[in-house]
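The following paragraphs lead through a structure one part at a time. Please keep the sequence and the model in view while reading.

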Amino acid sequence: MSWVDAVIQGILIGGLYALFACGLSLMFGVMNVVNLAHGDLAVVAAYVALGVIAVTHVPAVWAFLIVVPIFAALGYVLQRTLLQAALNRGVRTTLLVTFGLSVVIENGLLQFLSANSHSINIGSLVSDSFSIGSQITIAYLNLAILVAAVIVLLGLQYFLSSTQNGRLIRAVADDPEAAQISGVSYRHVFGIAAAIAFGTVALAGIAFGMFSQFDPSIGSDQLLLFAFEAVVIGGLGSLWGTLGGGILLGIAQEIGANFRPADQVLAGQLLFLLILAVRPHGLAGRREAT
Amino acid sequence: MTALLEVRDLSVHHGQLQALHEVSLAVPAGAVHAMIGANGAGKSTLLRTIAGLHRPTSGSILLDGTGVTALRPEQRVAAGVVMVPEGRRLFPSLTVEENLVVGTTSARQGPWTIQSVYDLFDWMRDRRGQHAAQLSGGEQQAVALGRALVANPRVLLLDELSLGLAPVVVRRIYALLPRLLESGVTVLVVEQDVSQALAVASRLHCLLEGRIVLAGQPAELTPAQIEIAYFGQTARGRNGNGRSGINGESGPPVSAAIQPADGTGQQEAPGGGA
């Protein structure tokens with residue numbers, strides 16, 4: 001029975017990983033930017049949510065409505081300035097720039113907010129749960145995060161397939177130069193994609209802050225890695241692959257933890273390596289994605 | 001000046017290499033100018049620079065007397081300079097119709113709409129939901145042309161339409177040129193297929209190593225002149241004895257296009273097709 005529970009808990013946590021991963025996947029898919037600051041940005045979002053809640057005393061859930069738009073705007077501005085400047089010098093430069101951003105963010109947080117860990121207080125909701133049978137307990141928060149992840153992915157899917165900006169994002173992802181000579185400002189479209197990616201990472205960061213303790217270093221130590229693994233397992237270019245990748249990663253971790261708590265992260269890593277070895281384009285990814 | 005598109009002393013570098021040497025060119029409204037030349041002569045570079053994809057080292061590009069040299073490619077589309085790129089460059093993960101819709105992003109007002117493109121290529125309406133990657137080369141070229149037309153260009157830049165297409169398909173596409181001209185489009189075409197260029201152009205320019213070495217109306221130019229301009233003086237002897245008429249990819253089909261080429265036979269009417 002504990003195995004069934006591990007799988008169910010893995011599925012639930014997988015929603016959170018998918019939320020982390022979809023922004024990373026989008027930025028790589030559209031502008032070839034591997035955002036190494038992705039995890040740190042999630043942590044910043046959690047800190048900003050803490051600040052917003054402390055200052056305005058709004059209920060924790062409302063923090064989303066304030067922080068996510070701020071991060072979307074930040075994403076657009078950062079893409080149009082720093083990241084575009086890096087892209088103009090070559091895709092590899094973006095790795096250095098986002099790595100530098102990651103270091104600056106992490107150390108800035110350590111400097112000004114200390115290494116103490118925090119959590120976004122959502123009262124009793126964090127521990128409320130319901131039971132199925134005698135062995136399986138499902139926390140409302142975990143379920144809510146999974147549902148939110150599915151809604152976000154559905155929304156993203158609709159946006160990309162059926163709206164004007166979504167169509168332009170796909171066109172620019174296919175061929176930025178051909179998009180330019182078709183009259184599309186690819187820089188603006190890159191900005192929109194970055195805004196979406198930053199919005200989702202803020203969402204994921206705040207959800208994580210409610211779900212768990214966070215500190216300045218967890219972004220690059222864990223969150224970036226998990227997001228990266230979920231993207232690779234699921235396959236680039238597929239939103240539902242990303243959800244599947246997040247869920248598989250979650251299941252692997254929970255099963256690993258079932259053996260020994262210390263094996264939790266290791267089990268996820270092993271699945272990641274296995275997928276890389278056997279199916280490098282991921283479960284749902286297109287083969288030409290490199 | 002009555003030229004709609006004017007290029008003045010345009011020099012372009014690719015890193016250390018100078019691809020264009022002070023090229024000047026004037027295309028009057030309603031004309032079809034063709035640019036021919038061997039591989040690496042700078043034809044595509046010229047067209048891509050006019051479209052805004054390369055930044056010139058010096059020189060300027062004017063549309064209807066207004067400088068567009070500082071504009072980004074998408075801004076030039078809005079001004080009316082639109083290119084059909086070499087190799088079609090459709091968006092493979094978008095459908096035919098979505099490719100056309102993307103083409104309308106910076107569209108000017110004008111006669112061309114997605115519907116009128118469907119009227120021009122009647123098969124396209126039925127297959128508008130297909131992904132562009134599933135089309136044949138000729139069909140993709142038609143969609144690429146349609147994607148440029150829906151922007152309602154004043155100047156249409158056609159880069160190597162014939163590349164990789166069967167001659168019959170190429171002729172069918174070039175046969176549409178009169179209808180494009182009727183709609184008020186001015187055309188600058190880059191073409192390796194000299195016979196095709198001679199057939200459609202009101203004026204021919206030949207690029208050799210980044211310089212325009214020959215320009216004139218097709219009827220005024222002799223095959224020998226074109227041949228020298230195409231290959232350069234030094235290559236003349238090498239090519240002189242081997243009139244194979246092979247329509248190869250690397251060599252120009254000059255000898256095939258202009259059959260009675262004895263060097264003296266002037267004013268040969270250029271044949272319609274190879």
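The buried residues of helix α11 of chain A are covered by, among others, α9 and α10 (239-259) of chain A. This is a predicted model, and α11(A) is a convenient place to enter it. Those buried residues are Ala267(A), Gly268(A), Leu271(A), Phe272(A) and Ile275(A). Viewed down the axis of α11(A), they fall within an arc of 140°, so they line one face of the helix. The general rule behind such a pattern is that an α-helix has 3.6 residues a turn, so residues three or four places apart point the same way. On the other side of α11(A), the exposed residues are Leu273(A), Leu274(A) and Ala277(A). The length of α11(A), residues 264-278, can be checked as well: its 15 residues should span 21 Å at 1.5 Å a residue, and the 22 Å between its end C-alpha atoms agrees with this.

Helix α9 (218-234) of chain A leads on to another helix, since α9(A) is also one of the elements against which the buried residues of α4(A) pack. The others are α2 (38-56) and α3 (63-88) of chain A. Which residues of α4(A) are buried? They are Thr94(A), Val97(A), Thr98(A), Leu101(A), Ser102(A) and Glu106(A). Helix α4(A) runs from residue 91 to 113, and its 23 residues reach 33 Å from the first C-alpha to the last, close to the expected 33 Å. After α4(A) comes Ser114(A), with a positive phi near 65°.

Chain A also touches chain B. In this contact, 15 residues of chain A meet 22 residues of chain B. On the side of chain A that touches chain B, α6 (164-174) and α7 (176-181) of chain A each supply at least two residues. That side of chain A is made up of six nonpolar, four polar and five charged residues.

Chain B itself has 12 helices and 10 strands. Of its 274 residues, 47% are buried. Among contacts in chain B between residues at least 6 apart in sequence, 69% join residues at least 24 apart.

Some of the strands can be followed in detail. Four strands of chain B form an open, antiparallel sheet in the order β2-β1-β4-β5. Its edge strands, each pairing on one side only, are β2 (17-28) and β5 (66-67) of chain B. Strand β5(B) pairs with β4(B), residues 58-63, in the antiparallel sense over two bridges. Here Leu63(B) stands opposite Thr66(B) of β5(B).

How values were computed:
Residues are numbered from 1 along each chain as its sequence is written. Chains are lettered from A and ligands numbered from 1 in the order in which they are written. This is a predicted model: local features need pLDDT of at least 70, side-chain atom pairs count only at pLDDT 80 or more; totals for chains, interfaces and linings use all residues. Two strands pair if DSSP finds at least two bridges between them. The expected span of a helix is 1.5 Å times one less than its number of residues. A residue is buried if 20 or more other C-beta atoms lie within 10 Å of its own, exposed if 12 or fewer, and partly exposed in between; C-beta atoms are placed from the backbone. Two residues are in contact if their C-beta atoms, placed from the backbone, lie within 7 Å. Ala, Val, Leu, Ile, Met, Phe, Trp, Tyr, Cys and Pro count as nonpolar, Asp, Glu, Lys and Arg as charged, and the others, Gly among them, as polar. The arc is that of the directions from the helix axis to the C-beta atoms.
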